[in-house]
Amino acid sequence: VLVLNSPANPTGAVIEDRLLRDIADVIRKFPGVTVISDDIYEKMVYEDAVHLNMANAAPDLSDRILVVNGFSKAFGVPGWRLGWAAGPQTLIKAMIRIQDHSTSNPSSIAQYALLEALKVQSGWFAKVLAEYSMRRRTIVDGLQGIRGFRISPPMGAFYAFADISGLLPCRAGSSVLRGSADFARALLEEALVAVIPGEPFGAEGYLRFSFAVPVETIRKGIERTAAFAAKLGKA
């Protein structure tokens with residue numbers, strides 16, 4: 001199975017059409033491979049970025065593509081845990097058999113409520129995206145202004161993935177911060193800023209910042225992070 005998440009968590013990267021077609025060329029050489037396209041952030045793209053998935057790029061592979069999506073991100077209801085999947089009938093039937101015997105079903109109230117959400121006009125999403133675009137600019141500009149932080153503007157989702165490798169290892173007070181996990185822990189304990197270290201994502205030396213919060217909260221977090229970084233010493 002090949003899992004493609006675009007726009008991506010944690011980087012905010014968007015896989016372009018040309019790269020998708022190149023990946024499809026490889027998949028065609030391996031008939032036993034199924035592609036899971038995680039489209040959960042599909043509506044959250046910025047500037048000239050366009051969301052496409054493998055089914056768009058290679059419809060001839062549709063019998064080997066499973067698209068998964070949900071309401072959590074675009075509609076802001078992560079706690080409702082309601083989503084959907086679309087793919088080959090045989091695969092969907094097998095998924096239903098496992099689901100029936102392993103978990104309970106989503107509530108009828110959530111299903112009816114989010115059925116109405118699907119009828120929302122595109123104008124509503126334009127307002128949401130405008131707000132997220134402002135948050136994105138705020139966090140990117142803020143992080144770029146902090147000593148030792150490097151960041152490329154994310155083209156999708158709501159994460160800023162900052163490279164702090166140039167600061168590591170470093171000293172915060174009496175503690176030596178050797179990796180992103182140490183840095184994230186110290187940032188939380190000393191500056192009250194919560195981030196996710198890159199290490200669990202296989203990207204040591206990076207920190208994931210979320211901008212799924214109000215602009216005022218982002219600015220406060222940037223100020224605290226900048227003040228924390230200014231106090232770091234050499235290890």
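Leaving aside neighbours within four places in sequence, with which residues is Ala110 in contact? The contacts of Ala110 are Trp80 and Leu82. This briefing concerns a predicted model of a chain with 7 helices and 10 strands. It moves from the chain as a whole to its strands, and then to single residues.

**The chain as a whole**

- The chain has 235 residues, and 42% of them count as buried.
- Taken along the principal axes, the box filled by the C-alpha atoms is roughly 60 × 40 × 40 Å.
- The accessible surface amounts to about 13,300 Å², and carbon and sulfur atoms account for 55% of that surface.
- If one takes the contacts between residues at least 6 apart in sequence, 68% of these contacts join residues at least 24 apart.
- The chain carries 26 positive and 23 negative charges, and the mean positions of the two groups are 4 Å apart.

**Strands and their pairing**

- Strands of a sheet pair through backbone hydrogen bonds, in either a parallel or an antiparallel manner.
- Both manners of pairing can be found in this chain: β1 with β2 is parallel, whereas β5 with β9 is antiparallel.
- Strand β1 (residues 2-5) is joined to β2 over 4 bridges, and Leu2 has Val35 of β2 as its bridge partner.
- Strand β2 has two faces: Val35 and Ser37 form the covered face, while Ile36 and Asp38 form the uncovered one.
- An open sheet of 3 strands follows the order β5-β9-β8, and its pairing is antiparallel. Its edge strands, β5 (159-163) and β8 (196-197), each pair on one side only.
- Between β5 and β9 (residues 206-210) there are 5 bridges; Tyr159 has Ser210 in β9 as its bridge partner.

**Ala110 in its helix**

- Ala110 belongs to helix α4, which covers residues 108-117.
- Ala110 counts as buried because its relative accessibility is 8%, and the cut-off for buried is under 20%.
- Although Ala110 and Leu82 are 28 residues apart in sequence, their C-alpha atoms are 7.7 Å apart in space.

**Asn53, a buried loop residue**

- Asn53 is located in the loop between β2 (35-38) and α2 (54-57), and it counts as buried at 9% relative accessibility.
- The side chain of Asn53 makes a polar contact with the side chain of Asp39 at 2.7 Å.
- A polar atom of the Asn53 side chain also lies 3.0 Å from the backbone nitrogen of Ala55.
- Not counting residues up to four places away in sequence, Asn53 touches Leu20, Ser37, Asp39 and Val67. Of these, Ser37 belongs to the covered face of β2.

**Backbone features in the loops**

- Most peptide bonds are trans, and most residues other than glycine have a negative phi.
- The bond between Asn9 and Pro10 is a cis peptide bond, with omega about 20°; Pro10 lies in the loop between β1 and α1 (17-27).
- A cis peptide bond also joins Leu168 and Pro169, with omega about -10°. Pro169 is in the loop between β5 and β6 (170-172).
- Glu47, in the loop between β2 and α2, has a positive phi near 55°.
- Ala157, in the loop between α5 (122-144) and β5, has a positive phi of about 60°.
- Is each of these two residues buried or exposed? Glu47 counts as exposed because its relative accessibility is 64%, whereas Ala157 counts as buried because its value is 0%.

Key. Residues are numbered from 1 along each chain as its sequence is written. This is a predicted model: local features need pLDDT of at least 70, side-chain atom pairs count only at pLDDT 80 or more; totals for chains, interfaces and linings use all residues. Side-chain values use heavy atoms; hydrogens and water are left out. Buried means under 20% relative accessible area, exposed over 50%, partly exposed in between (1.4 Å probe, protein chains only). A polar contact is a pair of N or O atoms within 3.5 Å; within protein, one must be able to donate a hydrogen and the other to accept it, and residues adjacent in sequence count only if both atoms are side-chain atoms. Contact means heavy atoms within 4.5 Å. Two strands pair if DSSP finds at least two bridges between them. Accessible areas come from the Shrake-Rupley method with a 1.4 Å probe; for residues, only the protein chains shown count as cover. Lys and Arg count as positive and Asp and Glu as negative; His and the chain ends are not counted. The place of a charge is taken as NZ of Lys, CZ of Arg, CG of Asp or CD of Glu.
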